[in-house]
Amino acid sequence: MSKYNISAMSKLEEKPRVFLEEFRVKNAPNDYGFADEKWSFKKFTKKFRIIIVRMNDFEMEFDLIGIQPAFANAFRRLMLSEVPSMAIEKVAIRNNTSIIQDEVLAHRLGLIPLKADPRLFEYRAKDSTEGTEFDTLEFSLKVKCTNNKTQIKDSYRPEDLYENHCVYSSQIKWHPIGNQASVHKEIDVGPVHGDILISKMRPGHELDLHLVAVKGIGSDHAKFSPVATASYRLLPEIILTREVTGSDAKLLQTCFSPGVIDIDSNGRAFVKDARYDVCSRNVYKYDEIKDAVVLSRIRDHFIFTVESVGAMSPDVIFSEAVKILRDKCKCLLEELNTL
Amino acid sequence: MGELNMKNKEWESTKGLREPIKAIEDKWKLVPSFLQVKGLVKQHIDSFNYFINVEIKKIVQANEKVFCDADPLFYIKYLNAYVGTPDLEEGFNVTKPTTPHECRLRDMTYSAPITVDIEYIRGNQRVIKNKQLIGRMPLMLRSSNCVLTNKSDFELAQLNECPHDPGGYFIIRGQEKVILIQEQLSRNRMIVDEFKGAIQCQVTSSTHEKKTRTNVIVKNGKYVLRHNALSDDIPIAVAFKAMGICSDQEIMQLIGSDDNTVKKMAPCIMDCHNLKIFTQNQALAYIGSKLKVKRFQTVNSKCRTPVDEARDLLATTILAHVTVENYNFYVKAIYLAIMVKRVIEAESNKAAIDDPDYYGNKRLELAGSLLSLMFEDLFKRFNWELKSIAEKIIPKVKAAPFDVVKHMRPDLIANGLFAAISTGNWTIKRFKMERHGVTQVLSRLSYISALGMMTRVNSQFEKTRKVSGPRSLQPSQWGMLCPSDTPEGEGCGLVKNLALMTHITTECSEDPIARLACNAGVEDVRLLGGEEINHPAVYIVFLNGNILGVSRQYKRLIRVFRMFRRRGLISAFVSIYPNHNQRTVYICSDGGRLCRPYIIVEKGCPLVQQIHINELNRGIRKFQDFLTDGLIEYLDVNEENDSHIATVEAEIDPYVTTHLEIEPFTILGVCAGLVPYPHHNQSPRNTYQCAMGKQAMGTIGYNQKNRIDTLMYNLVYPQCPMVKTKTIELTNFDKLPAGQNATVAVMSYSGYDIEDALILNQASIDRGYGRCLVYKSAKTTMKRYSNQTSDRICGPSRDASTGKVIRAHDLLDADGIAAPGEMVENRQVLINKQMPIATLTPVPQGQPQQVEYKEVPITYKGAVESYIEKVMVSSNSEDALLIKILLRQTRVPEIGDKFSSRHGQKGVTGLIVQQEDMPFNDRGICPDMIMNPHGFPSRMTVGKTIELLAGKAGLMEGKFHYGTAFGGSKVTDVCKELEKHGYNYHGKDIFYSGLTGELLEAYIYSGPVYYQKLKHMVQDKMHARARGPRAVLTRQPTEGRSRDGGLRLGEMERDCLIGYGASMLLMERLMLASDAFSADICGACGRLASRAWCHACRSSAAVSTVDMPYACKLLFQELASMNIVPKLTLKKYS
C-alpha cells in the first residue's frame, strides 16, 4: 500500500476498488471480494442507487451503484438471453427463384427485428402446429423482380433497369389473424427497420413466402434477444499521485480519453472526469509519467449500457429482466418451501 | 540494419560517390501489371498456345510424307495443320460451337478439330484436299483457340464463366483436368556427377526421333564411353578413332595437352594400342563387335556390315543431339573431348561436379510439350495405320480408285489424347516413356486450391525414396519456386509451387541466335584444331547444349547479346551466361527454363525511375513497354547466377549490382501469399497454412451456383480478410474469399480448449458465423444396349392396399425424377430408374413390350437430410439421356468442426458457449471465438498476433491493413492507431467474466483474426455401430464408415487385454461380437462334419458342436481344398 501513498488516501478507503496495474488487474490488498461480505439489507438500501444517465428509444446508459457484481451480471445475462422478444421462426416457402437458398433466406428473415411487443403475446406451446392470435404473428413477403418498363435511356444502374431488384424488410406484410387487427396496429408489429436488405434479385426471380413470428428467448436463438447488446463496465477512477506539469501534462492528457484529464492555467494536469475514460492504460507506456497515476475502478459502481433492438425501450427491457429474476427467486423459494 | 545503413551513409559521404538511391514508390505496381499481361497461369497457356499454333505444324511437317510399299507412286503429303475452335459433334458431320460450361454440365469434352491440308494420290491423280479432319484436340481453357479468350467480364458472365477463373486446364468428359508441370533434368547438357565413387559425365540427348543417354566414365583409371546401345564400354581413344580422329596427338590436342591431362590420358591411348586399333575402320569394327544384338532384323540391316552399323550408331544414336553431316564426326569428337575434359577436371577438383539439384540444370515440362510428345506419337501411329491400310487395299483390284481420305479416322488421335489426359498415363512408345499421374482432377474445394494446383510442379523423383538432396530447398530456387508451399509427408520438397512472377520459357528458334553469335565474333569450331579450341584465351560457346564455336572476346559476346535482348531484337527469353571454370559461354533458347523479370541497374542506378511508375499509374505504360524500353528483363536461373541482384534500392552497390528485385514478396507463391506477416512466422507454419488454405471453404467462383460438381463447399457469408496482402489482391482472393473475420480473445476458458480446441460463441453462430453450404450431386445416364433395349425411368410406385405413393418415392414427380426444393431423407429415391434384365440377348422381334426390367434407383444416402437445389436433364456425348441432381445442405458449426487461422494454427471446436457466458469488455464486445494462449509459445506464430493487432486497428480506422511479406503495416504504426482510438497499445483489453460478472485478472489480447472453416466436419465423420452388416466371406463386421462398419479392436488393444488377463472379454470381443460360428466337429477323426454327420467316418456318433470364429472354419476348409487336413482333437471340458 505504501506504493499509493497519496493525500487522497482517505477517499480511497471509502469505495471498494480494483486497481488496474500495468500487467494485471489487482484487488485492493485487504479486499477479499464480495463473497466474504455479509449481506445486509439495511446497508444495501442505504448504498444502492440507480441513476439514469441518458436514454432514448434504442439506447440507455444508467448507473447501478452499491450492488454486488453477481446481481449486475444477472441482469445483464437476463437481458441478453431470457427477456423474450418476437422473431420470425417459421418460413413457408411457396416460391423462391432468387439466388439465395431457402435455408439462408429463412435465416436472414429470422434475424430481422420486429416491433411487436412480446409482453402482449404468449409463448407458443411446443407441440402446437397451428398458431393462435395470442402467440403468433403472420406475415408474408411476395416480391417479383421485373424489367423496368419506363426505362431511363442509357442507364445501366440496376435501380433503373429493374423493378424490385432489392428486397427490403419494409416489403414484409402483416396478416392479422383472429382479432389481432383490432388489438395491434400494423405499425406496431412489423420490422423495426424498413431498410434491411433481404435479397437482391434480377428479372424472373420471385419470392413468395409465408412468415410466422413467435415469442422466444435469446438463449434459444440470438434472434430472440431483445437487445443488440447489454453490458456494463465499472466506473473508472484516476488519481494523480504527484504534480504533473508542462509537456508531461500534455502527454498525460493524450494517454486518456478526451475530456478525462484537463490542464489548469498553471499547466498542471488534473482529473476532470474519469467516467468516460476507456481504461486503455496507455500511461504505462511512458516511464516519466507512469508513476504519477493510480488507475482503478470502483467495484460496485456499474455503468450499464443497454442497446435495444427496437421492440421494447431499453428501460422496459431492464425492468423485464428484474421481473424475471424476481420470478426466479420466487420460484426457488417455493421449491425450497415445498421441501 | 540501422547500423548498416549508418555505415553505408558514412561510406557514401566519405567517398562522395553518389546520392543514396531513393526508393521507387509503388514499384510493386509492376507486379499487377506483369500479371495482367501474363495471368496467374500464363505458363500453361503460353505453352499450350505454342503447341497448337506452332509446334503441331512442325510435328506434321517432320512427319509430312507417308509412303506405301505396295505402290511406289502412292504418297500422302501433309501441307499444313490447324487446330480449330471448340465445338461439339452432334450427329454425323454436324457440329455446333460450345462453351466450357456446357461441357462441364453435359460431361462432354471441350475440344477442337485438328484439320490438315493434304496432297495425295488417288488412282493416278494427284489430289489436294484442304481441311481434312484427322483428330480432335482437347482445348485448354483461355488458350488462343478457346472461346473465353479476350472476352470482357460481361461476356464471360454470359458464357457462365467466372472472370477470375484462371483457365489453363482441360475439360475431359465433364471433368476438369490439369496437366501438372513436370520437372526434369535438362536434356542435351553435360552433367558431371559422382556415381558410386566414380566420376561420370552424362548427356541425355533428345531429338524428335531419339532419346538416348551417353556416359563418359572412369573405369580402372581409364576413360570409357558407355551407351545403352553398346553391350560393353568402349575405351575413349577407340571412340575418338572411330570418329575419324586417328592420330593420338590430335586426340590429346582436342582434350587438352597440359601435363595432367596427358598423364591421365596415357593409359587410354595405350589401351587403344594394345587393342591394335589404329584406323577409323578398325575402331568402327571394334565398336561393331560390341553392338547389342538386335532381336528383329529388318531387311535393311541384314545387308549391312557391323562397320556400317557402328558408323550409323555413332552418327545418330550416340550423342544424338550433335548432328553429323556426311559422317563428318569432327564436332561430335570435340563434344566428346569436352566431356572427357570435364571428367578429368572433376577428378582433381570436386567443385567441378555439377549439382543435379541445381535449378539451372532443370527444365519444366508443361502441358504443351507433354501434349506434343503424345500427339507426335499418335500422329505417327495414325500414319502407320494409313500406310498399312494402303498396303492392304491397293493391291486389290477395285472399281473405285483407292481414296485414302475415306480411311482417315479421327478417333485414333482424339481418343488417344482424351484418354491420356483423363487417366494421366503418358505412354510414349518411341521414347519408351511411361509416366503415371501426369494429370490430376482440378480441385475445386476453394478458389485458392484451384489456383494452387495450376502452379504445382511435380518432380520425377520417386516419392518413397528417403533422399534429402532433391527435397531440400535449393538456393537457386530463390524467386522461382515458393519456399513455403510444399506438402508434408512423402511429397515434401518434391512437389513444389511456382512463385508469383515465375515465367516458364517456350522454345524459340535457334537459327537467328546462331547467326547473331557468328556476327558477334564466334568462330566456327569446324575450322579450328584442338590446340586452338583449348587455348586459354578462348571461350567455347554453346547454344542449347550444342557447340556453336569459340570466341576470343566472350565479354563482348555477352554484352552484345544482352544489348540485343534488351532492345527486343532477339527474344526476351534467350539467356546468355559464362562459366569461367569451364571457360565456356552458354546461350539458351530452349523451352522449360524458369525465369523472372528484374529491373536493370546500370552504374548503380535502377533504370526504372519514378516517372515510369507514374506513367504506369496513369495507365499510359504497360509491362510490355518496360521490356521493350529495356528497363526490365527476364533472367533465367543460370543468368541470375551471373548477376548481382539487389533486393532493395539501399543494397545497390554501384560497382557490382546489375539488377534490382521488383518486389520481394513475389518470391512466395499464390498459397503462401495469403499469409499475413509470413516473415514473422516460424517457417513450417507457413507451409502448414499453404496446405490448409486449400481445404478452406468459401467461394470457388462467380459461377458456383451454375455448377453441378460432385462435391462443393461454400460459405454462406464469406468475408474479405481485415489484414490483406498484396498477393491477396493480385490473386483476387479478396473477391473470392474463403473465411471470416472472427473476433478472437486469446485466453483460456472452461478447459474445453486444450490441445488447440476453440470455443465458439453461440450467438455468433446464430447470426451466421461459420455457416456453410454443402452441395453434392447425384447423376445417372439412360443407356442404350446392344439388343435395342434401354434404361427407363418410371413414375412413383403406389402402395397396393392404400393407393398412396410409397414413402421412398414421395419426392418423385410424375416423370420419376425428384422435384427441386424437396427435402430428401435417407434412402429416398431421387431417380426411379429401371434397367432391362437382359441387355445382351436380342429381344424377339414383334413383341417389344415383353422386356423385363429390374429397379436400379438412384437413392440418397446420409443420416442428415438434404434439399434438392436443381435438376438438370440433358444428353451426353453418347447421346444418352443424362440426369444430374444437385443436393444441398446448410450446416451450422458444431462441436468438432475444424477451423484454422492463416498461420497453420488449426483447431476443432471444443465448446459452444452462450453469449451471456462469454467474457465481454468495456465496450460490451463478446468475442466470437476464444483461443487458448498455449497455441503461441511453441508455434511461434508471431504473424498471427500482428494480424490481430493490425486487424483491430483497421476496424477502428475503417480500412484494410496490409500484412504483405517483407513489408506491410508496421507494428508501431498499428499500435499508434490503436492508441489513437482509445485502445491499449498492446492490443490487450479489460474483460469481465460472463459467469461471475467480475473483472478478469489478466488483460486479454483480443481482436479480429481471419479464420477459415476447413472441409473436415464431424457430420461427415461421426460413426458408431452396435449391430450391422457383415462381410459375406468371413462373416466379420464390415469395415469403414461408408459401409456402416464396426470399430476394430486392433492388435495393440488386444495385447492390452491379454496383458491384463481379461480372457472372457477377449473371447467376447474377438469371437462372439464378431464372427462366432457353431461348427460340427467329428471327435473321432477331428474333421469338420456337416449337419451333425461326419462324411469321413460315415457316422454321427462322435460329432459335437464347437463354437469357433467363422474365419477359423473358413481356414480349415481352405486348407482342406489344398489337400492339407487340419484336425481338431476334442476333449471333454471338465
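Colleague: What volume does the second largest cavity have?

Modeller: In this predicted model, the second largest cavity has a volume of about 70 Å³.

Colleague: Which residues line the second largest cavity?

Modeller: A lining residue has an atom within 4 Å of a cavity point. For the second largest cavity, chain A supplies A:Glu22, A:Phe23, A:Arg281 and A:Tyr284, while chain B supplies B:Asn984, B:Tyr985, B:His986, B:Lys988 and B:Tyr1003. By class, this lining divides into 4 nonpolar, 2 polar and 3 charged residues.

Colleague: How should the largest cavity be read, and what volume does it have?

Modeller: The largest cavity has a volume of about 100 Å³. Of its 13 lining residues, those closest to the centre are A:Val278, B:Asp922, B:Arg923, B:Asp989 and B:Ile990. The full lining comprises 5 charged, 4 polar and 4 nonpolar residues.

Colleague: How many cavities of 30 Å³ or more are there?

Modeller: The count comes to 8.

Colleague: Turning to the domains of chain B, which segments form domain 1 and domain 4?

Modeller: Domain 1 comprises 42–184 + 363–442, and domain 4 comprises 672–771 + 894–1013. The centres of these two domains of chain B, taken over C-alpha atoms, are 49 Å apart.

Colleague: How many residues of each are in contact, and what area do the two domains bury?

Modeller: In domain 1 of chain B, 9 residues are in contact with 9 residues of domain 4 of chain B. The two domains bury about 730 Å² between them, with 56% of it on carbon and sulfur atoms.

Colleague: Which side chains meet in a salt bridge?

Modeller: B:Arg707 and B:Glu176 do so, at 2.9 Å from N to O. Across the interface of domain 1 and domain 4 of chain B, the rule finds 1 salt bridge and 6 residue pairs in polar contact.

Technical notes: Residues numbered from 1 in each chain as written. Chains lettered and ligands numbered in written order. Predicted model: local features only at pLDDT ≥ 70, side-chain atom pairs only at ≥ 80, totals over all residues. Heavy atoms only, no water. 1 Å grid on protein atoms, 1.4 Å probe; cavity = no way out; pocket = protein on both sides within 12 Å on 5 of 7 lines; lining within 4 Å. Points joined across faces, edges and corners; volume = space filled by probe spheres on them. Nonpolar A, V, L, I, M, F, W, Y, C, P; charged D, E, K, R; others polar. Domains from an automatic or database assignment. Contact = heavy atoms within 4.5 Å. Buried area = accessible area lost by both parts, 1.4 Å probe. Salt bridge = Lys/Arg side-chain N within 4 Å of Asp/Glu carboxyl O. Polar contact = N/O pair within 3.5 Å; in protein donor to acceptor, adjacent residues only side chain to side chain.
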